[in-house]
Amino acid sequence: MNNYQRLVDEYIRFEEETLEKDSREIYSMAGQINFYTNIMNYLEYGDIKVRDLEMIKSLKDLYYFYMESDDYIVGRFEDTQNLTEAYKEIGGKLMDRLTEEYLKFKSSILALNKEEIFERAFKIVFYNEIYRYFKNTGARIDKDMSIASLYNFYIKYENLNINSNEEIAEFITTYRKYVA
């Protein structure tokens, strides 16, 4: 039940951070608050197997998966179970796909000589920052999104930056606006 405790801790942090916001922000987050609460009730009282629980990377990741699709509702245990089943099949695999892409890129770079690695420093930094961002924030990954497609978009728009999580989030939003 290690993952269950991690999800509980994430929920507690979410609640604490939310309660630090002003009333209008909390009001605007009502749907997300309700979603997190319904998921936690399902995890505590629903019929979920330990191996299925291990498939949930984070509440935030599950929430982004939920927001990405119009096919699921949350509230009743049956509805929540349908969402978690779909997430196991699809949602968790998106980060796995991004990780696989990142590791293949890293491996291909490490196979190069020093001069070639030096010449690719810009691309290496981009891949590292984008991968770190998705891994650490649990931000939503679109089905057709890849680090390579993000990189190709990035080099076309030089006015975008990836020096902080906020800038990366802004970059991803711009990417979705023009590509999706």
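In which helix do E129 and R132 both lie, and how many residues apart are they? Both residues belong to helix α8 (residues 121–137), where a spacing of 3 residues amounts to about one turn of the helix. Their side chains meet in a salt bridge, with 2.7 Å from N to O. The model examined here is a predicted one, and this pair offers a friendly way into it.

It helps to begin with the overall layout. The protein has 10 helices and 0 strands, so the order of its elements from the N terminus on reads α-α-α-α-α-α-α-α-α-α. Along the principal axes, the C-alpha trace spans about 55 × 40 × 30 Å. Of the 180 residues in the protein, 40% are buried.

The interior comes next. The largest nonpolar core contains 27 residues, and those touching the most other members are F126, I130, F134, I147, L150, F171 and I172. Four helices, α6, α8, α9 and α10, each supply at least two residues of this core. Among the contributors, α8 gives the most, with 7 residues. Helix α8 is thus worth following with the eye: this helix holds the pair E129 and R132 and also gives the most residues to the core.

Salt bridges can now be taken in turn. The structure holds 3 of them. For the pair in helix α8, both partners are partly exposed: E129 has a relative accessible area of 24%, and R132 stands at 27%. These values lie between the cut-offs of 20% for buried and 50% for exposed, which is why both residues are called partly exposed.

A second salt bridge joins K104 and E100, whose closest N and O atoms are 3.2 Å apart. Here, too, the partners share a helix: K104 and E100 are 4 residues apart in helix α6 (residues 77–110), and therefore about one helical turn separates them. As for accessibility, K104 counts as exposed at 54%, whereas E100 is partly exposed, with a relative accessible area of 45%. The cut-off matters for this pair, because exposed means over 50% relative accessible area.

The remaining pair is D142 and R176, whose side chains meet in a salt bridge at 2.8 Å from N to O. This pair links distant parts of the chain: D142 sits in the loop between α8 and α9, R176 sits in helix α10, and their positions lie 34 residues apart in the numbering. Are D142 and R176 buried or exposed? D142 is buried, with a relative accessible area of 11%, and R176 also counts as buried, at 19%. The value for R176 can be checked against the definition, because buried means under 20% relative accessible area.

The surface shows patches as well. Y157, Y178 and V179 make a nonpolar surface patch of about 300 Å². Of these residues, Y157 is placed in the loop between α9 (147–156) and α10 (165–179). With a relative accessible area of 33%, Y157 is partly exposed. Elsewhere in the description, a negative surface patch is formed by E15, E16, E17 and E20. One of its members, E15, lies in helix α1 (residues 2–19) and counts as partly exposed, at 37% relative accessibility.

Two further residues round out the picture. K135 lies in helix α8 and is exposed, with a relative accessible area of 55%. The C-alpha atoms of K135 and M95 are separated by 7.7 Å, although the two residues are 40 apart along the chain. I168, in turn, is found in helix α10 and is buried, with a relative accessible area of 0%. I168 and K93 are 75 residues apart along the chain, and their C-alpha atoms are separated by 22 Å.

Terms used: Residues are numbered from 1 along each chain as its sequence is written. This is a predicted model: local features need pLDDT of at least 70, side-chain atom pairs count only at pLDDT 80 or more; totals for chains, interfaces and linings use all residues. Side-chain values use heavy atoms; hydrogens and water are left out. Patches are made of residues with over 30% relative accessible area and no salt bridge: like charges are joined within 9 Å, nonpolar side chains (Val, Leu, Ile, Met, Phe, Trp, Tyr) within 5 Å. Accessible areas come from the Shrake-Rupley method with a 1.4 Å probe; for residues, only the protein chains shown count as cover. A salt bridge is a side-chain nitrogen of Lys or Arg within 4 Å of a carboxyl oxygen of Asp or Glu. Buried means under 20% relative accessible area, exposed over 50%, partly exposed in between (1.4 Å probe, protein chains only). Lys and Arg count as positive and Asp and Glu as negative; His and the chain ends are not counted. The place of a charge is taken as NZ of Lys, CZ of Arg, CG of Asp or CD of Glu. A nonpolar core is a set of buried Ala, Val, Leu, Ile, Met, Phe, Trp, Tyr and Cys residues joined through side-chain atoms within 4.5 Å.
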